[in-house]
Amino acid sequence: MTGRDDPARDDPASRYGWRRLDARTVRASVVTVAGICVAAGVPTGLGIASASVFWALVTVLPASAAALVATVVVERVRLRRTRYRVSADRVELVKGIVVRSRRSVSRERIRTVDLTAGPQVRIFGIVTVKIDTGEGGSAGGSVSLYAVGREEGERLRAELLDRGRGDGEPAADGRLATFAPRWVRYAPLSVLTPALGAGAYGAVLQVAQWFDLQAGVITWTAGLLGGLGLVGALAVVVAAGVVIGVVGSLALFVEMWWNFRLDREPGGTLRVRRGLLTVRSISLEEQRLRGVELVEPLGVRTAGAARVDAVATGLRSGGDDDKADRKTLLPAAPRGEADRVAAAVLRERTGPTSAALTPHPRAARGRRIRWALAGAAVPVLTLTVLGGLLSSAVLLHLAWISAVLGVPVALALAVDAYRNLGHGLNGDYLVARHGSVRRSTVALQRRGVIGLNARQSLFQRRRGLMTITTTTAAGSGAYSVHDVGAAEGLAFADEAVPGLLGPLLEHA
Amino acid sequence: MGESGSRSGELRLRPPVHRVHRTAVTWWRARILLAGAVVVAALVVAAVLLPGVVRPWLLVPAAGFAVVTVVTAVGMPAWWYRVHRWEVTGDAVYTRTGALWQEWRVAPMSRIQTVDSDRGPLEQLFGLATLTVTTASARGALRIPGLDHGVAADLVQELTETTQATPGDAT
């Protein structure tokens with residue numbers, strides 16, 4: 001550490017000194033590696049032990065011990081070789097055991113400072129800090145510190161996000177939303193439930209296959225359920241899948257969202273804190289906020305609940321493990337609560353997302369019904385053609401069954417999708433709603449609109465419909481008003497963002 | 001165009017003023033024929049090299065593909081030429097593109113981030129260029145294909161100067 005590249009010796013005048021990661025990180029890493037050793041070692045050990053207990057102990061134990069020792073050594077060296085510094089205008093990180101790297105991020109460009117602490121990190125009172133500029137590229141824009149003391153993490157967060165903007169904003173700081181345990185009831189309504197249920201069966205069969213027991217497992221299950229008949233057995237299998245799915249989605253939801261709190265902090269930062277085992281703290285500068293999106297997946301919507309997502313710039317999507325949830329400001333909660341939180345986040349008295357919207361022309365319903373019928377026809381036609389070619393009665397039966405089941409469902413979804421279409425202006429916000437399986441109501445700041453696209457297919461042209469898309473730097477980059485009457489849509493766009501379409505508009 | 005005096009009728013979008021360069025039709029045609037020719041040639045070569053049994057399975061699609069290519073090459077570029085329009089005012093860039101799906105796009109000057117002009121080998125041959133104007137939105141880029149090379153270069157110059165004069169980070 002006395003080499004000439006030692007950054008600690010640079011500009012001694014700086015009042016911001018170089019700091020090291022927390023020494024407790026070594027212990028946390030050891031616990032992590034120990035966990036991996038147990039998870040990997042026990043099955044391996046059992047496998048070898050079936051042949052020889054002696055060899056099982058002789059191979060697994062020394063390997064685990066070596067892994068733990070290596071972890072201690074590597075982590076110690078890594079901690080000694082890692083330094084970071086927060087200066088007046090930059091955050092700098094110097095790291096690397098073999099290859100030294102030095103990263104410097106301008107404080108001005110920092111958009112988020114997230115703190116994460118998994119259970120093995122949490123028990124030692126430390127947190128992982130991720131400082132992100134939200135700019136493209138996996139490496140360029142972020143600095144990750146694993147790990148620093150909890151107080152140090154909080155201090156970094158507060159220091160980096162507080163830009164000291166005393167611009168006379170109303171002091172609306174404080175708690176915006178708090179977790180209510182009864183929200184847990186919405187968790188099983190998500191698409192995760194069937195996915196987890198099916199996934200569990202898949203996993204069992206996959207593991208059984210590794211041990212060449214797949215046939216055995218199936219015969220064993222068949223024997224167990226044999227007395228119930230085909231329908232009874234199927235019902236039991238489906239019910240078991242549902243139970244697994246429900247338990248799984250509940251567990252995931254509780255782990256992700258337990259103890260959720262949404263706060264507005266001085267300096268204009270929204271902060272989400274949540275998590276049962278792994279505690280996460282996610283920050284979002286209000287300055288980056290361009291609106292909110294109220295998301296209602298079908299199941300959750302039927303139960304009268306909705307989720308609130310932030311529409312913000314510099315929220316990097318993709319690459320991150322937790323990416324989908326970073327923009328979520330409120331998990332599925334009763335609709336009234338969601339509207340209230342949406343309004344509070346935007347500093348509005350009434351939520352733009354709860355305003356009445358202008359419905360779209362009936363021609364839009366026709367389009368949706370035609371799409372739905374076309375979609376429902378695909379499996380029916382495929383099954384019919386295959387059934388005819390292979391002269392298989394089973395396939396033909398499946399064809400009419402899928403027609404009987406599919407057509408009404410498709411029609412219902414189409415009509416629902418049409419009813420959900422709507423747009424409107426609400427103060428500073430442009431509001432657009434669409435979707436049935438996933439109904440989305442977006443409220444976008446009018447000043448956040450950075451472009452407009454108006455799109456017409458041949459069929460839309462014939463029926464006088466148009467899809468108006470507002471582009472924005474935030475969120476998914478574009479939000480659309482689908483199948484609005486062409487003249488009405490243009491008038492709406494012109495009113496929402498005055499002057500943008502300007503010279504292109506004319507009266508027929 | 002330009003009948004905005006009458007306030008009686010329904011609101012609608014007029015086409016932007018400028019067409020793309022007339023040569024663009026030939027360029028589009030050449031591109032379609034070339035792409036089609038590659039596929040047809042591959043199928044024919046395969047048919048010649050492979051045993052006779054599979055030959056019809058390759059030659060029939062090749063013939064079909066050739067017909068589709070020729071029909072597209074004759075029909076679509078003329079349609080595209082009628083639809084593709086662009087206009088630059090002091091405040092914004094406007095484009096209209098497409099055929100079956102027509103799309104008007106607007107990017108206000110103050111939100112433009114980059115202006116590029118690209119020239120593929122075929123475009124160079126025909127003296128054309130494609131102009132791409134991007135904004136901070138991941139989905140807001142405007143493209144004007146088939147511009148005269150000189151016009152495109154002037155546009156890049158003009159737009160770059162205008163947008164540089166505009167303060168802010170365009171988000």
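1. A salt bridge here is a side-chain nitrogen of Lys or Arg within 4 Å of a carboxyl oxygen of Asp or Glu. With that in hand, a good place to start is the pair Glu506(A) and Arg12(B), whose side chains form a salt bridge at 2.8 Å, N to O. Please keep in mind that this is a predicted model. The rule finds 2 salt bridges across the interface of chain B and chain A.

2. How much area is buried between chain B and chain A? The figure is about 3300 Å², and carbon and sulfur atoms give 54% of it. Counted by residue, 35 from chain B are in contact with 32 from chain A. There are also 14 residue pairs in polar contact between chain B and chain A, both residues being at pLDDT 80 or more.

3. Which strand gives the most to the side of chain B that touches chain A? That is E5(B), with 7 residues. Strand E1 (11-13) and strand E5 (101-108) of chain B each supply at least two residues of this side. By residue type, the side of chain B that touches chain A divides into 14 nonpolar, 10 polar and 11 charged.

4. You may like the way the strands meet across the two chains. Strand E18 of chain A, residues 449-457, pairs with E5(B) in the antiparallel sense, over 6 bridges. Within this pairing, Trp104(B) in E5(B) stands opposite Ala454(A).

5. Now to chain A itself. Its 508 residues include 45% that are buried, and the chain has 14 helices and 21 strands. Along the principal axes, the C-alpha atoms of chain A fill a box of roughly 80 × 75 × 40 Å. Of the contacts in chain A between residues at least 6 apart in sequence, 58% join residues at least 24 apart.

6. If you plan to look through the charged pairs, the whole structure holds 30 salt bridges over all chains. One of the pairs is Arg78(A) with Glu75(A), where the closest N and O atoms are 2.9 Å apart. Both residues belong to helix H2 (residues 53-81) of chain A, and because they are 3 residues apart there, about one helical turn separates them. Is Glu75(A) buried or exposed? Glu75(A) is buried, with a relative accessible area of 9%, while Arg78(A) counts as partly exposed at 21% relative accessibility. Arg78(A) falls in that class because buried means under 20% relative accessible area.

7. A second pair joins two strands. Glu92(A) and Arg102(A) form a salt bridge with the closest N and O atoms 3.3 Å apart. Glu92(A) sits in strand E3 (residues 90-95) of chain A and Arg102(A) in strand E4 (residues 101-106) of chain A, 10 residues apart. Glu92(A) counts as buried at 8% relative accessibility, whereas Arg102(A), at 46%, counts as partly exposed.

8. A third pair is Glu296(A) with Arg335(A), a salt bridge whose closest N and O atoms are 3.2 Å apart. Glu296(A) lies in strand E12 (residues 289-297) and Arg335(A) in helix H10 (residues 335-345) of chain A, so this salt bridge ties together parts 39 residues apart in sequence. Both Glu296(A) and Arg335(A) are buried.

9. Finally, which residues do salt bridges with shared partners join into one network? They are Arg19(A), Arg107(A), Glu152(A), Arg155(A) and Glu159(A).

Methods
Residues are numbered from 1 along each chain as its sequence is written. Chains are lettered from A and ligands numbered from 1 in the order in which they are written. This is a predicted model: local features need pLDDT of at least 70, side-chain atom pairs count only at pLDDT 80 or more; totals for chains, interfaces and linings use all residues. Side-chain values use heavy atoms; hydrogens and water are left out. Contact means heavy atoms within 4.5 Å. Buried area is the accessible area (1.4 Å probe) that two parts lose on being put together, summed over both. A polar contact is a pair of N or O atoms within 3.5 Å; within protein, one must be able to donate a hydrogen and the other to accept it, and residues adjacent in sequence count only if both atoms are side-chain atoms. Helices (H or I, at least four residues) and strands (E, at least two) are DSSP runs, numbered from the N terminus. Ala, Val, Leu, Ile, Met, Phe, Trp, Tyr, Cys and Pro count as nonpolar, Asp, Glu, Lys and Arg as charged, and the others, Gly among them, as polar. Two strands pair if DSSP finds at least two bridges between them. Buried means under 20% relative accessible area, exposed over 50%, partly exposed in between (1.4 Å probe, protein chains only).
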